[in-house]
Amino acid sequence: MMMNPQILIVGAGPTGLVMAYNLARHNIPFRIIDRSNGPGQASRAMAIVPRTLEFYQQFGFADEVIDRGIKMEDVYVRVKKKIKAKVHLGSLGEGLSPFPFVLTFPQDDHERFLLEKLKNLGIEVEWKTELLSLAEHGEGVKTLLNAQQEETAYFKYICGCDGAHSTVRKQMKIEFKGEKYKQHFYVMDVHGSGEVMKDQKISISFSNEEFLICMPVRSKGTYRMIGIIPSAFGDQNDVKPENIHAFIQRTFGAQVEGINWFSTYHIHHRVASRFRQGRIFLSGDAAHIHSPAGGQGMNTGIGDAINLSWKLAAVLQHKAALSILDTYEEERLPFAELLVNTTDRAFKRMVARDKTSQFFRKHIFPPVLSFLFRFPYPRHKAFTILSQIRIKYRNSDLSSGQGTNVQSGDRLPYVEGNFESLQSLNWQIHVYGTAAEKLKKSMQEKDFSLHEFSWNPYLKKAGLQKDALYVIRPDGYIGFISSEQRIDLLHQYLNTHKILPFTNEY
């Protein structure tokens with residue numbers, strides 16, 4: 001796999017590791033480097049949303065991830081230690097995804113799991129290897145790397161997955177627009193007891209101007225706690241864990257028996273002005289950083305990696321036009337901007353210390369939340385946002401043709417039995433109803449797999465159209481729709497983007 005590497009992945013967090021795995025599955029030679037000594041040692045990002053699990057299902061290991069994580073069944077909202085709202089998450093997205101729940105899986109465990117999967121494919125991360133410089137050079141990128149000694153290496157493309165302080169982004173001189181929240185936060189992983197650490201539930205607690213988020217981290221009984229360092233602590237750059245421990249016990253009734261990890265930090269929300277510059281791309285925290293509201297940041301980076309990696313593979317294997325790479329920024333940058341703006345608004349409302357915000361958190365938010373989640377539509381709406389199945393690429397150059405409800409650029413709606421075919425990681429045709437013989441013959445000649453699903457009323461409810469032709473991209477999004485199974489328009493779409501199916505599937 002490392003012979004004549006065509007791509008350099010800089011950064012071996014979840015974004016870089018998923019990028020590497022998808023490239024490896026498409027038999028694209030690459031190198032992946034990281035200046036750290038090895039994978040992370042702290043839990044950091046924890047939530048894995050259903051859309052990420054859907055991608056992992058395409059890879060064939062979603063069930064393994066679920067077995068290692070913890071399903072979040074319920075959220076309790078407490079005000080001054082009293083439960084004011086309870087929301088059931090266990091079946092929030094029933095019928096919308098094969099994974100209708102939110103999972104916690106600590107980032108350090110997550111990274112080691114992905115490293116294990118890469119190792120099974122013969123891939124090793126080059127640890128303690130730093131990118132010193134890069135510059136486009138002819139039909140590639142010239143880089144200077146430093147491990148035990150300096151090395152000049154050439155690649156077709158660079159994928160910058162190297163985090164918020166990205167060397168790749170700085171080398172490209174790309175603006176990282178946004179700001180820092182004024183509040184100073186703490187995060188700690190603890191062993192303990194008390195109502196906020198009960199029955200593996202997520203607990204959100206408010207008390208005057210303070211708040212605490214508590215959730216299970218690992219099956220062995222560790223809990224993650226996040227909050228704002230109280231203003232009464234004075235010098236917030238030198239806060240000791242025992243001070244926070246005493247504060248949490250006094251304010252929220254949490255009995256902390258042991259602290260595994262403690263850190264204080266500031267939170268930023270920023271989006272790079274560009275995700276691509278020539279042959280160099282940004283993904284994950286190198287491209288966008290978020291507030292922790294909704295657990296969206298890491299999952300968005302994984303979505304970046306999926307989107308970019310199959311397109312790079314297609315171009316390098318001459319299975320798509322070079323212009324397909326333009327759609328990476330076209331599709332991912334608008335979503336990153338939308339996500340940062342929405343999580344920013346939600347997070348500011350949660351952490352604001354003014355009297356109006358305190359009143360909202362204590363007296364308005366809990367009863368409204370409890371009331372809305374009694375009804376299917378608000379529950380499903382909340383799931384589509386939290387799960388990231390709402391992401392659409394309707395304005396992408398790769399999206400063409402008109403549907404009735406579901407449109408080109410949308411994620412393929414989940415119905416029983418239709419997601420299994422996506423494990424091919426390849427272009428394919430779906431028809432829900434009856435596929436014309438001419439269509440079957442044409443796709444057979446072009447080596448595209450065609451999947452025909454028996455029509456039933458539920459398919460219409462999911463937004464699908466009877467007998468329509470759907471071209472499904474390798475990442476599970478709809479590229480083209482023809483209600484009349486127009487083969488001429490299908491061929492036009494495929495020819496415009498020079499799309500050919502991958503022939504060297506893993």
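Helices are taken here as DSSP runs of at least four residues, numbered from the N terminus. The model described is a predicted one. Just beyond helix α7, residue H318 adopts a positive phi of about 60 degrees.

Helix α7 itself comprises the 20 residues 297-316. Because each residue is expected to contribute 1.5 Å, a span of 28 Å should result; the C-alpha atoms at the two ends lie 29 Å apart, in agreement with this expectation. The helix is mostly covered, with 20 of its 20 residues buried.

The largest nonpolar core of the model contains 100 residues, and I7 and I9 have the most contacts inside it. Helix α7 makes the greatest contribution to this core, supplying 11 residues. When neighbours within four places in sequence are set aside, the contacts of I7 include L23, I28, P29, F30 and R31. Also in contact with I7 are F155, Y157 and C159, together with L312 and L316. A second core, separate from the largest one, consists of 29 residues, among them I70, I267, V351 and L369.

An open sheet is formed by three strands in the order β9-β10-β11, with antiparallel pairing. Strands β9 (130-137) and β11 (150-155) occupy the edges, each pairing on one side only. From one strand to the next, the twist averages 20 degrees. Between β9 and β10 (residues 140-146), the antiparallel pairing extends over seven bridges. Residue L134 stands opposite T143 of β10.

Terms used:
Residues are numbered from 1 along each chain as its sequence is written. This is a predicted model: local features need pLDDT of at least 70, side-chain atom pairs count only at pLDDT 80 or more; totals for chains, interfaces and linings use all residues. Side-chain values use heavy atoms; hydrogens and water are left out. The expected span of a helix is 1.5 Å times one less than its number of residues. Buried means under 20% relative accessible area, exposed over 50%, partly exposed in between (1.4 Å probe, protein chains only). A nonpolar core is a set of buried Ala, Val, Leu, Ile, Met, Phe, Trp, Tyr and Cys residues joined through side-chain atoms within 4.5 Å. Contact means heavy atoms within 4.5 Å. Two strands pair if DSSP finds at least two bridges between them. Axes are lines fitted to C-alpha atoms, for helices over the stretch in contact, and angles run from 0 to 180 degrees between N-to-C directions.
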